[in-house]
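Reader: I am new to this structure and would like a close look at a single part, the surroundings of the ligand. Please begin there and work outwards.

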Amino acid sequence: MLKINNLHASIDDKSILKGLNIEVKAGEVHAIMGPNGAGKSTLANIVAGKEEYDVTEGVIELNGEDISELAPEERAHNGVFLSFQYPVEIPGVSVTNFIKTAINETRKAKGLEDMPAKDMLKMIREKSELLEIDRKFLSRSLNEGFSGGEKKRNEIFQMAMLEPKLAILDETDSGLDIDALRIVANGVNKLKSKDNAVIVITHYQRLLEYIVPDFVHVLHDGKIVKTGDASLALELEAKGYDWIKKEVNS
Amino acid sequence: MSKYTEEDLEQELKTKEYEYGFYTDIESDTFAKGLNEDVVRAISKKKNEPKWMTDWRVEAFRVWEKMEEPDWANVNYPKPDFQELAYYSAPKVKPKLDSLDEVDPDLLETFKKLGISLEEQKRLANVAVDIVIDSVSVATTFKKTLGEKGIIFMPISEAIQEHPELVKKYLGTVVPTSDNFYAALNSAVFSDGSFCYIPKGVRCPMELSTYFRINEGGTGQFERTLVVADKGSYVSYLEGCTAPSRDENQLHAAVVELIALDDSEIKYSTVQNWYPGDAEGKGGVFNFVTKRAICETNAKVSWTQVETGSAVTWKYPSCILKGNNSVGEFYSIAVTNHYQQADTGTKMIHLGKNTKSTIISKGISAGKSQNSYRGLVHVGARAENARNFSQCDSLLMGNACGAHTFPYIEAKNKSAQIEHEATTSKIGEDQLFYCNQRGIDTEKAIALIVNGFSKEVLNKLPMEFAVEAQKLLEISLEGSVG
Ligand SMILES: Nc1ncnc2c1ncn2[C@@H]1O[C@H](COP(=O)(O)OP(=O)(O)OP(=O)(O)O)[C@@H](O)[C@H]1O
Ligand SMILES: [Mg+2]
């Protein structure tokens, strides 16, 4: 699904990613952990196609195709979804209108007609029930005045609506209360299949109790420095990152 | 002739270039260029006007001659040479519209391109259309239905003939001939426009709609609109316009007067789409409009406007809240792109007790354009408990455009409550990336963000206008982000 080879990226001449490798196959769940400022969000943004970063070296392949020339919306049309660490507000645009536009633009890119309103409504109903979202909430302006947790839940609602191939969840768990965490994780699990893949970026082991990863990676100083199974997350929770940093430096 | 559906219109509005830049080849009867008292008299004669009307025009002309073109607005443009314009133009074929077959086929073609073919309009329930091509009105529909309610809706030139007592009573009472340079000019040479009278206690059952159009190159167009809502009546009036693209600047100086008598309500909605000039700032319409309403006791007037066109716009729909408990509202979206310049806003003049006004202004600037809001809230000494709420929001796209806000407040009564809020925001890279990430390309993302920004005002438009207005916003801003 996703294959990244020797990725180097910088912003304003500041080098952030320094030779990063990762391979994610369909049906897998990967967790990426790592200290603040390590470059996790940068990686997510670059995969999604944010243009302000300079990719100086390396290849990003999606389903065997180099996507470096694709615009962010084209990557989205190819099934890349990013749940933002900090979702932005769009005043005056309701969640419903936004997601409707997103779905129909994606369909248009594929040469399909707009989704009939009836189907759209049905889908909205299903997915909002899955994520236990009050439908009144969907008429509000996108992210405007949403609480931290509401923003994150709304990101996952959009993911559920768009049914991506590759979903990258950037700290979707932070800001969620205990019940919301369970609901959101449950939603993600329901959407998982052998045809799609999920990358969860998180600081906490707690989320990984619900969404069990096949692999856990540690991103430190622009590189994946350690990869293990779910138990690695427990180890990190107990010991922090210092021992890994030492390992790397030795 | 194939049917022109709403989808066709939508489709047409989607395309990039200024779509309505075509020019109909109808033979026109145009006066020689230049303006003097004889020309004013000749216009009046041509229209077979009564003496009081001729005198009124001449008086206005004499006032205008002594006036200077104002230059306080935040706009820059080559001053029109008023002796280089022709002041009268009427289609030579003047069809008596008993049936569509009698209409010049070219004219019908024009209507088609505008998406307002008469067949379609007639089918559009609830919309009566008085189409003004150039200066003389050539079609009026739904007259009968309106007639049954005693509603008068006709070209003002006809009203001068058929209802002189009404026109004489109200014309110039809200915007006197001497009000300002352009109003004086309009009073002297106005070509045609609409007249509307709603009798006492009558609720007008349909939206009254007028489409305007400048047609003859070099001909200034001077529309005159007069709407009178008698006691306890209600009317919603729609004004929309498109213009052919021309290289030379076209002058448009309209006057609109609204008279809302006791307990009446007038909603006046405009979608203004005059040719804005090309991407280099060449050509385009100069739009200098005087719009004003007077509200008697318990009356209410709402101005709603979506301004996307014109090279230069100078326009301040205003309300004189004369009667106690009267209400004035102004909802505006003004979009400027490329080299467009707009200086628009409103004046709310509170004279009566317990008068209330609301101002919601949304300015969107892109390209190298300049967009100014200029608003006056005046509370007179006797206006106890007057209240105003103003909100002026500006949205900027790129770094080369400008947004300016000039609020003026004059409160001569201590009980006045005046609130003013202003915000300026920019469409952020982060917002665009967020939309892109969800599969929405940048152009569509801008349209979405702009629509969201303008929503409070779009919601005030009658349904049939709202869709078109949204499309116009999209078209106006296309190509505004590199
Ligand atoms: N637009 C930018 N301009 C300047 N520096 C940036 C920019 N974006 C990221 N950086 C820097 O790159 C580094 C990596 O940032 P990134 O957001 O990817 O970290 P992260 O691993 O997601 O951290 P966290 O766990 O705190 O979310 C940080 O030092 C950050 O300050
Ligand atoms: Mg981060």
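Author: The model is predicted. Around ligand 1 there are 16 residues, and those that come nearest are A:Gly37, A:Lys40, A:Ser41, A:Thr42 and A:His203. Three side chains can be described by their distances to oxygen atoms of the ligand. The side chain of A:Lys40 has an N or O atom 2.7 Å from an oxygen atom of ligand 1. For A:Thr42, a polar side-chain atom lies 2.5 Å from an oxygen atom of the ligand. For A:Gln85, the distance from a polar side-chain atom to an oxygen atom of ligand 1 is 3.1 Å. On its own, ligand 1 has 640 Å² of accessible area, and the protein covers 67% of it.

Which elements give two or more residues to the shell around ligand 1? They are E2 and H1 of chain A. The largest share comes from H1(A), with three residues.

The helix H1(A) is therefore the next part to look at, as the source of the largest share of the shell. H1(A) covers residues 40–48 of chain A. Eight of its nine residues are buried, and the helix is mostly covered. The buried residues of H1(A) are A:Lys40, A:Thr42, A:Leu43, A:Ala44, A:Asn45, A:Ile46, A:Val47 and A:Ala48. Two of these names have already come up: A:Lys40 and A:Thr42 are among the residues that come nearest to ligand 1. In an α-helix there are 3.6 residues a turn, so residues three or four places apart point the same way. After H1(A) comes A:Gly49, with a positive phi near 100°.

The other element named for the shell, E2(A), belongs to a sheet. Four strands of chain A form this open sheet in the order E2-E1-E4-E5, with antiparallel pairing. E2 and strand E5 (65–66) stand at the edges, and each has a single partner strand, so one side of each is left without a neighbour in the sheet. H1(A) packs on this sheet, where the helix touches E1, E2 and strand E4 (54–62) of chain A. The direction of H1(A) makes about 110° with that of E1(A).

Within the sheet, E1(A) and E2(A) run antiparallel and are joined by eight bridges. One pair can be named: A:Lys3 stands opposite A:Glu23 in E2(A). The loop between strand E1 (2–11) and strand E2 (14–24) of chain A holds A:Asp12. The phi of A:Asp12 is near 45°, which is positive although the residue is not glycine. Is A:Asp12 buried or exposed? A:Asp12 has a relative accessible area of 71%, so this residue counts as exposed.

Chain A has another residue of this kind. A:Glu163 is also not glycine, and its phi is positive, near 45°. A:Glu163 sits in the loop between helix H5 (148–162) and strand E9 (166–170) of chain A. With a relative accessibility of 53%, A:Glu163 counts as exposed.

Strand E9 leads on to another sheet of chain A. This open sheet has six strands in the order E6-E9-E10-E3-E11-E12, and its pairing is mixed. Strand E6 (80–83) and strand E12 (223–228) are the edge strands, and each pairs on one side only. On average, with direction ignored, neighbouring strands of this sheet are turned by 20° against each other. E6(A) and E9(A) run parallel and are joined by four bridges. The bridge partner of A:Leu82 in E9(A) is A:Ile168.

Two helices of chain A lie across strands of the six-stranded sheet. Helix H8 (residues 230–239) lies across strand E3 (29–33), strand E11 (215–220) and E12, and runs at about 45° to E11(A). Helix H9 (residues 242–249) lies across E11 and E12, and runs at about 115° to E12(A).

To return to the ligand: H1(A) supplies three residues to the shell, the largest share, and H1(A) also packs on the sheet that holds E1, E2 and E4 of chain A. E2(A), an edge strand of that sheet, gives two or more residues to the shell as well.

Conventions. Residues are numbered from 1 along each chain as its sequence is written. Chains are lettered from A and ligands numbered from 1 in the order in which they are written. This is a predicted model: local features need pLDDT of at least 70, side-chain atom pairs count only at pLDDT 80 or more; totals for chains, interfaces and linings use all residues. Side-chain values use heavy atoms; hydrogens and water are left out. Buried means under 20% relative accessible area, exposed over 50%, partly exposed in between (1.4 Å probe, protein chains only). Two strands pair if DSSP finds at least two bridges between them. Contact means heavy atoms within 4.5 Å. Axes are lines fitted to C-alpha atoms, for helices over the stretch in contact, and angles run from 0 to 180 degrees between N-to-C directions. A residue is near a molecule or strand if one of its heavy atoms lies within 4 Å of it. A polar contact is a pair of N or O atoms within 3.5 Å; within protein, one must be able to donate a hydrogen and the other to accept it, and residues adjacent in sequence count only if both atoms are side-chain atoms. Accessible areas come from the Shrake-Rupley method with a 1.4 Å probe; for residues, only the protein chains shown count as cover.
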